[in-house]
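Me: Could you take a close look at one part of this model for me, namely the salt bridges and the elements that carry them? I'd be glad of one connected walk-through.

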Amino acid sequence: MKEKLEQIKEEALSQVQDCAEVDRLTQIRVNFLGKKGKLTDILKGMKDVAPEDRPRVGQLVNETRAEIEKVFDEAQKKLEKVLREAQLKSEVIDVTLPAKKNSVGHKHPNTIARQEVENIFIGMGYEVVEGPEIETDYYNFEALNIPADHPAKDEQDTFYINDKFLLRTQTSGTQVHVMEKGKLPIRMIAPGRVFRSDEVDATHSPSFHQIEGLVIDKHITFADLKGTLAEFAKELFGQDTKVRFRPHHFNFTEPSAEMDVSCFKCGGSGCRFCKGTGWIEILGCGMVHPNVLKMSKIDPDEYSGFAFGIGLERIALLKYEIDDMRLLYENDVRFLKQF
């Protein structure tokens, strides 16, 4: 029995000396000291030992167990120390090394242009109002004096969800929502994404952004419209900017006009940027049509107003001299880093 215990102890010591992993050491401990371990098997065989020899054999087994456990504990502490030292060594930070440059994003050109336009009108006392991108046919067309047989309602131009709902083609519907509340006077702009069934090219996209403005009050005239938009153009493109208005037609307004600004590249003398004309078309505008006021339960005999619509992408393209609208949506980091 003594020889067998000595053999088990030597075998355990030999395996511990060759062990270099904590998990492996745990498995060796189980093989020798576990419920089904070699030393446990010796204890199970005590019933075959003569009664007078059992105390002596039991003492030998306990001494052997104590020696093996001591060796295991020392080996485990040694391995854990080695692992801790290796971990600390791998986690050492060299404070003399240069810091890693943190890559931080920035505002998109569209966002920059939108915030600049919003700030100009907020400075004039306007409120920024956002509306739903999914509109009803009434708010997108009928309430804006666009009858059922108008070409703008053709499915080739509008994304219809069903007979009643569609993706808005303009943010003017937001203005109708505000007018219906009856809280007058109104001075607001409605920025947002709009959708039209256009082919993608350098100047068109099926999804783009508009900023539309509305003023409703007593005694509002076309002179107020001209003065407001002239001041806006100067704030956006420079104090030397001039404006001109050309007659046009919009169902929402009467009379209607398109506004041009003097080319801020050549000062109006003519260049490639303005195609030699000295002028750049910038927005559409006009006096709110009496029918639109009536449908929103505003008395056109007492109140009048003006409205205008600006293409946000057009502002960004002009200000940053970008010649292809698609660049704004391709998310090319080389392009976006320029802003």
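Reply: Happily! There are eleven salt bridges in the structure, a salt bridge being a side-chain nitrogen of Lys or Arg within 4 Å of a carboxyl oxygen of Asp or Glu. Please keep in mind that this is a predicted model, in which local features need pLDDT of at least 70 and side-chain atom pairs count only at pLDDT 80 or more, while totals for chains, interfaces and linings use all residues. Residues are numbered from 1 along each chain as its sequence is written, and side-chain values use heavy atoms, with hydrogens and water left out.

Let's start with Arg114, which forms a salt bridge with Glu118 at 2.7 Å, N to O. Both sit in helix H5 and, being four residues apart, are separated by about one helical turn. (Helices, H or I with at least four residues, and strands, E with at least two, are DSSP runs numbered from the N terminus.) Glu118 counts as buried, at 12% relative accessibility, and Arg114 is partly exposed at 22%; buried means under 20% relative accessible area, exposed over 50% and partly exposed in between, with a 1.4 Å probe and protein chains only.

Arg114 also forms a salt bridge with Glu130, where the closest N and O atoms are again 2.7 Å apart. This pair links distant parts of the chain, 16 residues apart: Arg114 belongs to helix H5, and Glu130 to the loop between strand S1 (127-128) and strand S2 (134-136). Glu130 counts as exposed, with 58% relative accessibility.

Now for the helix itself. H5 covers residues 109-123, and its 15 residues reach 21 Å from first C-alpha to last, close to the 21 Å expected at 1.5 Å a residue; the expected span is 1.5 Å times one less than the number of residues. Its buried residues are Pro109, Asn110, Ala113, Val117, Glu118, Ile120 and Phe121. Seen down the axis of H5, these buried residues fall within an arc of 160°, so they line one face of the helix; the arc is that of the directions from the helix axis to the C-beta atoms. The face turned away from that buried side carries the exposed residues Asn119 and Gly123. Just after H5, Gly125 takes a positive phi of about 95°.

A further salt bridge takes us to the strands: Arg187 and Asp217, with the closest N and O atoms 3.5 Å apart. Arg187 lies in strand S4 (residues 186-195) and Asp217 in strand S5, so the pair ties together parts that are 30 residues apart in sequence. Arg187 is partly exposed, at 34% relative accessible area, whereas Asp217 counts as buried at 19%. Elsewhere, salt bridges that share partners join Arg244, Arg246, Glu258, Asp260 and Glu281 into one network.

Strand S5 (residues 207-217) leads on to S9, since the two pair in the antiparallel sense over eight bridges; two strands pair if DSSP finds at least two bridges between them. Gly213 stands opposite Phe308 in S9. Strand S8 (residues 279-288) also runs antiparallel to S9, joined by five bridges, and Gly286 has Ala307 in S9 as its bridge partner. Six of the eight residues of S9 (residues 304-311) are buried, so S9 is largely enclosed by the rest of the structure.
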